[in-house]
Amino acid sequence: MTEQPVGTTGLAPWVRDLLRCPVTGATLVDGVGPGGQPELRSTDPDRPLAYPVRDGIPVLLADEARPV
């Protein structure tokens with residue numbers, strides 16, 4: 001089995017591609033938060049949100065999201 005490359009979030013691209021923003025349904029992309037921590041960012045142009053990734057686990061809760 002070949003190893004998949006991972007982004008800044010530590011998630012394999014195929015896993016990240018399955019995830020969607022729980023608020024808008026938009027695609028999520030790797031990002032880096034203001035403190036340098038990994039996050040997933042919504043690609044929704046009207047309501048861009050960022051979700052933290054803690055210990056390699058995306059926290060896709062609306063209450064945990066921050067506006068980008």
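Which side chains does a polar contact of 2.7 Å join? The side chains are those of R41 and E39, and the points below start from the overall fold of this predicted model before returning to that pair.

1. Overall make-up. The model discussed here is a predicted one, and its secondary structure comes to 1 helix and 5 strands, which follow one another along the sequence in the pattern α-β-β-β-β-β. The protein has 68 residues, of which 29% count as buried, and its accessible surface comes to about 4,400 Å², with 55% of that area belonging to carbon and sulfur atoms. If one takes the contacts between residues at least 6 apart in sequence, 25% of them join residues at least 24 apart.

2. Pairing of β1 and β2. Strands β1 and β2 run antiparallel and are joined by 5 bridges, one of the pairings being that of G31 with E39 in β2. The two strands form a hairpin with 5 residues between them, and in the turn G36 has a positive phi of about 90°, a detail that can be checked directly in the structure above.

3. Pairing of β2 and β3. Strand β2 also pairs with β3, again in an antiparallel manner, here through 3 bridges, and R41 has A50 in β3 as its bridge partner. These two strands likewise form a hairpin, in this case with 6 residues between them.

4. The nonpolar core. The largest nonpolar core has 8 residues in all, namely L11, C21, L28, L40, L49, Y51, V53 and A65; strand β3 (residues 49-54) gives the most to this core, with 3 residues. One of the core members, L49, is in contact, once its neighbours within four places in sequence are left aside, with C21, V23, L40, R41, S42, A65, R66, P67 and V68, a list in which C21, L40 and A65 are themselves members of the core.

5. Salt bridges around R16. The structure holds 5 salt bridges, and one of them is formed by the side chains of R16 and D30, at 3.4 Å from N to O. This pair links distant parts of the chain, since R16 lies in helix α1 (residues 13-18) and D30 in strand β1 (residues 28-32), 14 residues apart. R16 is buried, with a relative accessible area of 15%, because the limit for that class is under 20%, whereas D30, at 23%, is partly exposed. The bridge does not stand alone, as R16, D17 and D30 are linked in a network of salt bridges. Leaving aside neighbours within four places in sequence, R16 is in contact with L28, V29, D30 and L40, among which L28 and L40 belong to the largest nonpolar core.

6. Salt bridges around E39. E39 forms a salt bridge with R41, the closest N and O atoms being 2.7 Å apart, and the side chain of E39 also meets that of R66 in a salt bridge, at 2.8 Å from N to O. E39 lies in strand β2 (residues 38-42) and R66 in strand β5 (residues 66-67), so the latter pair ties together parts of the protein that are 27 residues apart in sequence. As regards accessibility, E39 counts as buried at 3%, while R41 counts as partly exposed at 26% and R66 counts as partly exposed at 27%.

7. The setting of R41. R41 has its place in strand β2, and, not counting residues up to four places away in sequence, R41 touches T27, L28, V29, G31, V32, L49, A50, R66 and V68. This list includes A50, its bridge partner in β3, as well as R66, which shares E39 as a salt-bridge partner with R41. R41 and A65 are 24 residues apart in sequence and 9.3 Å apart in space, C-alpha to C-alpha.

8. Points to inspect. When going through the model, a reader may wish to view E39 together with both of its arginine partners, R41 and R66, and then to turn to R16 and D30, where the side chains also make a polar contact of 3.4 Å. Both sites combine a buried residue, E39 or R16, with salt-bridge partners that include a partly exposed one, R41 or D30.

Definitions and conventions:
Residues are numbered from 1 along each chain as its sequence is written. This is a predicted model: local features need pLDDT of at least 70, side-chain atom pairs count only at pLDDT 80 or more; totals for chains, interfaces and linings use all residues. Side-chain values use heavy atoms; hydrogens and water are left out. A salt bridge is a side-chain nitrogen of Lys or Arg within 4 Å of a carboxyl oxygen of Asp or Glu. Helices (H or I, at least four residues) and strands (E, at least two) are DSSP runs, numbered from the N terminus. Buried means under 20% relative accessible area, exposed over 50%, partly exposed in between (1.4 Å probe, protein chains only). Contact means heavy atoms within 4.5 Å. Accessible areas come from the Shrake-Rupley method with a 1.4 Å probe; for residues, only the protein chains shown count as cover. A nonpolar core is a set of buried Ala, Val, Leu, Ile, Met, Phe, Trp, Tyr and Cys residues joined through side-chain atoms within 4.5 Å. A polar contact is a pair of N or O atoms within 3.5 Å; within protein, one must be able to donate a hydrogen and the other to accept it, and residues adjacent in sequence count only if both atoms are side-chain atoms. Two strands pair if DSSP finds at least two bridges between them.
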